[in-house]
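Visitor: Can you walk me through this one? Short answers are fine.
Guide: Sure, here it is.

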Amino acid sequence: MTFRAMLAAAALALAAGAAYASTITVLVSETALRKRAQSYAPSVGTARLGQKFETAGLESGFYKTASGYVHASAVTERKVRLGSADSVGGGTSAEEITLAGKGFNAQVEKSYGDKGAVNFVGVNAMERRSVSEPALFGFLRAGGLLPEGGSK
Amino acid sequence: MKRLAPLLILVLGGCASLQSLDVSSLTGGRINSNVDVMKVAKGVNQIRKGFEDISESEEHFIGRAVAAQVLTRYKPLNDPALNLYAQKVAQAVALASDRPATFKGYHLQVLDTNEVNAFAAPGGFLFVTKGLLKLVKSEDELACVLAHEVAHVAKRHGLKTIQTSRLTSAFTVLGSEAAKSYTPQQMNQLTTAFEGAVEDVVNKLVVNGYSRDKEYEADRFGAQYARDAHYDPGALKTFLARLEKSEGSGGGMFKTHPAAAKRGAELGSLTPASAYKRSSERGRRFSAAVQL
């Protein structure tokens with residue numbers, strides 16, 4: 001390869017990297033879209049299960065989207081066929097199972113609960129106990145736990 | 001040309017990393033670790049095989065059933081103020097973890113027993129006993145204890161205890177039929193697999209305990225989460241030293257965890273983040289909430 005050809009290859013490779021874009025799909029019930037790629041950055045919206053976003057890539061563990069930054073652990077970059085687990089046999093990904101509500105689900109839980117006395121009432125009470133983000137940030141601020149400019 | 005070669009390698013190497021976008025070091029999360037873009041491009045038609053293929057929603061339902069078993073064995077403490085305070089501390093450290101959002105979030109319940117123990121069920125169901133809270137002397141110590149439990153969830157330690165045969169059975173049902181709803185036979189097979197999976201996790205949490213390696217890993221990441229939440233990670237060692245003195249009492253955490261002295265030694269030196277601040281408010285609200 002000539003010197004000029006190598007330069008051209010390098011430029012092409014750089015351009016391909018800069019143009020890297022992908023689609024991410026939310027895999028949790030809901031999660032915050034943040035102003036910056038930081039856990040303590042203010043929320044600018046909510047991403048919900050199955051919602052898709054175009055992303056330019058990762059930044060400090062968060063995917064950057066036009067709507068805000070979403071934590072990488074709450075989404076997948078894998079291709080997900082919405083609703084496919086309703087009708088596809090032979091192989092369905094974990095992500096598709098989540099979006100279709102299949103696999104171990106409420107129906108299986110009910111069947112399991114019917115077999116013996118287990119305290120799902122207590123679990124439901126636990127699930128109702130959740131602190132909103134404004135209340136949590138207030139708690140952190142009062143306790144000196146919010147870094148400078150954290151929730152601004 | 002020789003001078004240009006390293007640049008070229010760097011550029012092409014950087015692009016190659018996009019083909020195999022491993023973000024595990026950035027997120028510590030399961031979903032995006034070892035994501036191979038080339039495999040994704042070929043589709044997702046591989047049948048699920050092991051614990052790493054358990055979906056977010058399935059983890060949630062396994063966690064609910066494990067939590068239900070814990071709450072069948074232990075009575076929940078009816079102290080709304082204490083439960084809410086501990087919930088806030090749990091959410092504070094979870095937010096700083098490498099898995100801040102589970103399928104339905106983190107939820108905490110204090111258990112009404114003098115046994116010294118804490119548990120984490122998959123999906124983010126956390127438990128801490130009244131007996132353990134009696135040993136905790138500050139919010140920073142409580143944050144470290146809860147961060148250890150969050151680390152068990154973030155690192156999916158509970159799911160890793162499930163026997164592969166249970167999952168194979170469940171995944172086969174899902175992979176064999178193009179069904180919109182399950183037949184009674186399929187439901188029976190799924191329920192049996194689910195029951196076995198829950199039993200595996202409960203036995204590990206409550207009866208046998210995780211391996212030492214997993215406990216040390218939870219200590220290590222827990223200390224990191226507490227530090228990143230601007231608590232003093234050194235409070236974990238302070239707590240472990242106090243725990244060591246009370247180890248004569250036998251069961252609970254003393255049975256299912258490595259010796260406190262060894263855990264403290266494994267942690268090495270722990271220093272707070274530069275933004276760490278002492279706070280009288282943390283002391284005040286801890287004393288107000290934890291009155292046992």
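Visitor: Let's start in a loop. Where is Ser60(A) found?
Guide: Ser60(A) sits in the loop of chain A between β4 (52-59) and β5 (62-65). Bear in mind that this is a predicted model.

Visitor: What is the phi of Ser60(A)?
Guide: About 50 degrees, so a positive phi on a residue that is not a glycine. Most residues other than glycine have a negative phi.

Visitor: Is Ser60(A) buried or exposed?
Guide: Exposed, because its relative accessible area is 60% and the cut-off is over 50%.

Visitor: Which residue of chain B has a positive phi although it is not a glycine?
Guide: His230(B) is one of them, with a phi of about 70 degrees. His230(B) lies in the loop between α10 (212-228) and α11 (234-245) of chain B.

Visitor: And is His230(B) buried or exposed?
Guide: Buried. The relative accessible area of His230(B) is 9%, and buried means under 20%.

Visitor: Zoom out. How many helices and strands does chain A have?
Guide: Five helices and seven strands. In sequence order the pattern reads α-β-β-β-β-β-β-β-α-α-α-α.

Visitor: What about chain B, how many helices and strands?
Guide: Chain B has 14 helices and five strands.

Visitor: How much of each chain is buried?
Guide: In chain A, 49% of the 152 residues are buried. In chain B, 57% of the 292 residues count as buried.

Visitor: What share of the contacts comes from residues 24 or more positions apart?
Guide: Take the contacts with a separation of 6 or more. In chain A, residues 24 or more positions apart account for 50% of them. In chain B the figure is 72%.

Visitor: Surface numbers? What do carbon and sulfur atoms supply?
Guide: Chain A has an accessible surface of about 6900 Å², and 56% of that belongs to carbon and sulfur atoms. Chain B exposes about 12000 Å², with carbon and sulfur atoms supplying 52%.

Visitor: Now the contact between chains. How do α3(A) and α9(B) pack?
Guide: Their axes are 9 Å apart, at an angle of about 75 degrees. That makes α3(A) roughly perpendicular to α9(B).

Visitor: Which residues meet there?
Guide: From α3(A), Gln107(A), Val108(A), Glu109(A), Ser111(A), Tyr112(A) and Lys115(A). From α9(B), Met187(B), Leu190(B), Thr191(B), Thr192(B), Phe194(B), Glu195(B) and Val198(B). By class, the contact has six nonpolar, four polar and three charged residues.

Visitor: Pick Thr191(B). What does Thr191(B) touch?
Guide: Leaving out residues up to four places away in sequence, Thr191(B) touches Val108(A), Ser111(A), Tyr112(A) and Lys115(A). Thr191(B) is in helix α9 of chain B.

Visitor: Why does Thr191(B) count as buried?
Guide: Because its relative accessibility is 1%, and buried means under 20%.

Visitor: Another residue in α9(B): is Gln185(B) buried or exposed?
Guide: Exposed, with a relative accessible area of 65%. Gln185(B) belongs to helix α9 (residues 184-208) of chain B. Its C-alpha is separated by 12 Å from that of Leu174(B), eleven residues apart along the chain.

Visitor: Back to α3(A). At what angle does it pack with α4(B)?
Guide: About 25 degrees, with the axes 10 Å apart. The helices are residues 106-115 of chain A and residues 56-73 of chain B. Angles under 35 degrees count as roughly parallel, so α3(A) and α4(B) are roughly parallel to each other. The crossing is right-handed.

Visitor: Which side chains are involved, by residue?
Guide: Ala106(A), Glu109(A) and Tyr112(A) in α3(A) meet Phe61(B), Arg64(B), Ala65(B) and Gln69(B) in α4(B). Those residues divide into four nonpolar, one polar and two charged.

Visitor: Last one. Where is Ala121(B) placed?
Guide: In strand β4 (residues 118-121) of chain B. Ala121(B) counts as buried, at 1% relative accessibility.

Visitor: What does Ala121(B) touch?
Guide: Gly63(B), Val66(B), Ala67(B), Val153(B) and Leu205(B), not counting residues up to four places away in sequence. As for Ser269(B), 148 residues apart along the chain, its C-alpha is separated by 29 Å from that of Ala121(B).

Note on methods:
Residues numbered from 1 in each chain as written. Chains lettered and ligands numbered in written order. Predicted model: local features only at pLDDT ≥ 70, side-chain atom pairs only at ≥ 80, totals over all residues. Heavy atoms only, no water. Helix = DSSP H or I, 4+ residues; strand = E, 2+ residues; numbered from the N terminus. Buried < 20%, exposed > 50% of the residue type's maximum accessible area, 1.4 Å probe, protein only. Contact = heavy atoms within 4.5 Å. Areas by Shrake-Rupley, 256 points an atom, 1.4 Å probe, with all protein chains shown as cover. Axes fitted to C-alpha atoms, helices over the stretch in contact; angles between N-to-C directions. Parallel < 35°, antiparallel > 145°, perpendicular 65-115°, else oblique. Left-handed = near helix turned anticlockwise from the far one by under 90°. Nonpolar A, V, L, I, M, F, W, Y, C, P; charged D, E, K, R; others polar.
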